Amino acid sequence: MSTGTPLTRLTERLKQPFHRDGRPTRLHPSAVWAEASSTAGLALEPAWRTVRKAWLTHVWPVLSVVSVLGWSVLAATILLWWAGSAYGWQEAKAAAVAAFVMFLIALGFILGRSTYGVVLDLARTRVAVGDSAVGSIAVTNTSSRPLLPASVELPVGGVTAVFHLPRMKPQQVHEDLFTIPTARRAVIVVGPVRSVRADPLHLLRRQVLWTEPEDLFVHPRTVPLAGSAAGFIRDLEGMPTTELSSADVSFHALRDYVPGDDRRHIHWKTTARTNKLMVRQFEETRRAHLAIALSINTEEYASEDEFEMAISAAASIGRQAIREQRELDVLTQKGPLRCETGRNMLDDMTRIVGAPMRRTAVDLARTLADTVPNASVVFFVVGSNVTATQLRSSAASVPPGVRSLAVRIEAGAASSRANIADLTVLTVGDLADLGIVLRKAAA
């Protein structure tokens, strides 16, 4: 198949009047039309970009000033004037003139230059569910003349807060405080702050943007897990393995010196007693590496509150792991989360959106085993609709020697612990009980 621009391809086809066997070629009209359309599109694309840029820069800002009611008044003015001229209705002409004068009066309300200095200050850009999210808007009249009263709008998520500015003298500062509800986990876009000038009937509406939008992260609620309550591997430097090493912290035995061994590990007392060079032999150790598989398949949860509790439980375990400087990986059906810092992890937890999907907790467990093969402790955080059979299948994906725990969220249920083969199943009915059941699992 030939390559290049549509014009090149069309030229190549027109230069091929015959088949390879000598028969004349007949170009299909639809193919010619398609190539010609593509060529015309490429030729007109620069002109279209120029027109679009001019429209967005010069025309649209003017047209957007007129509200829906304003366009209706203009249309009524034209219709009334036409009806009055066509049928001799003086009343219709008078109504058209009145509507036009009203539109001109509205124009006077939005003319003029606004010179504000606006500062949007969010006290904290990251809060937990239920915490106070407080901010302020400071507006300064930076001109050398007084400014008439106006309004300032602040979009907060899907709603808009309106602040009324009084008549401001030069260099006068007006400050308003606001509080943002944080009842649910979300990323709330705050801003941009815009000043609005409009006439009393809101025929015309002129707005100017003064700040950039800011993101407010409402993190999931977490509970503290003191010490190693999360069931982590509990020894000083890690869990010993059966693999031997010539350099580590877990002493195993002494052996004969072999050329190439580090002389720092020679045990001189034994060497002097046996008259042979002896070196220390160690067991390899490994730091605890946690992996959390958080199912975001909403079909596995009985309610939305149960789903939110599961996110909070996973966030609590992950936060404790980061505090104890453990290696951490968090995985969902949509991919891994960032775990470099607690802030990154909680930010990604905040962005999680659950949905019904074909991939279940069992599929997630298999993906986790392939993605994090060196994990030493695995947590499956699932909902109450996940069956014991599914939990058993999830545990079967875990490599031998890796401790696995399932945190099963069931809102309102009594917190308990059970075992399914090598899998420890922790039922959590209230987020406050998470630390208790984890301490039981670690005992």
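Start by selecting helix 3 and helix 4: in this predicted model, helix 3 passes helix 4 in a left-handed crossing. Helix 3 covers residues 68–87 and helix 4 covers residues 90–110. Their axes lie 7 Å apart, and the packing angle is about 150 degrees. Angles over 145 degrees count as roughly antiparallel, so helix 3 and helix 4 are roughly antiparallel to each other.

Next, show the side chains where these helices touch. Which residues of helix 3 meet helix 4? Pick out Gly70, Val73, Leu74, Thr77, Leu80, Trp81, Gly84 and Ser85. Across from them, helix 4 brings residues including Lys93, Val97, Phe100 and Phe103. Try colouring this contact by residue type: it divides into 12 nonpolar, 4 polar and 1 charged.

Now move to the sheet. It is an open sheet of 7 strands with mixed pairing, and the order to follow is 16-15-14-17-18-20-19. Select residues 335–337 for strand 16 and 416–420 for strand 19; these are the edge strands, each pairing on one side only. As you rotate the view, look at how neighbouring strands are turned against each other, by 25 degrees on average, direction ignored.

Zoom in on strand 18 (residues 403–409) and strand 20 (residues 423–428), which run parallel and are joined by 6 bridges. Here you can find valine 407 opposite leucine 426 of strand 20.

For the last stop, add helix 6, residues 304–323, which packs on the sheet. Helix 6 touches strands 14, 15, 17, 18 and 20. Compare its direction with that of strand 14 (289–294): the two make about 170 degrees.

Key
Residues numbered from 1 in each chain as written. Predicted model: local features only at pLDDT ≥ 70, side-chain atom pairs only at ≥ 80, totals over all residues. Heavy atoms only, no water. Axes fitted to C-alpha atoms, helices over the stretch in contact; angles between N-to-C directions. Helix = DSSP H or I, 4+ residues; strand = E, 2+ residues; numbered from the N terminus. Parallel < 35°, antiparallel > 145°, perpendicular 65-115°, else oblique. Left-handed = near helix turned anticlockwise from the far one by under 90°. Contact = heavy atoms within 4.5 Å. Nonpolar A, V, L, I, M, F, W, Y, C, P; charged D, E, K, R; others polar. Pairing = 2+ DSSP bridges.
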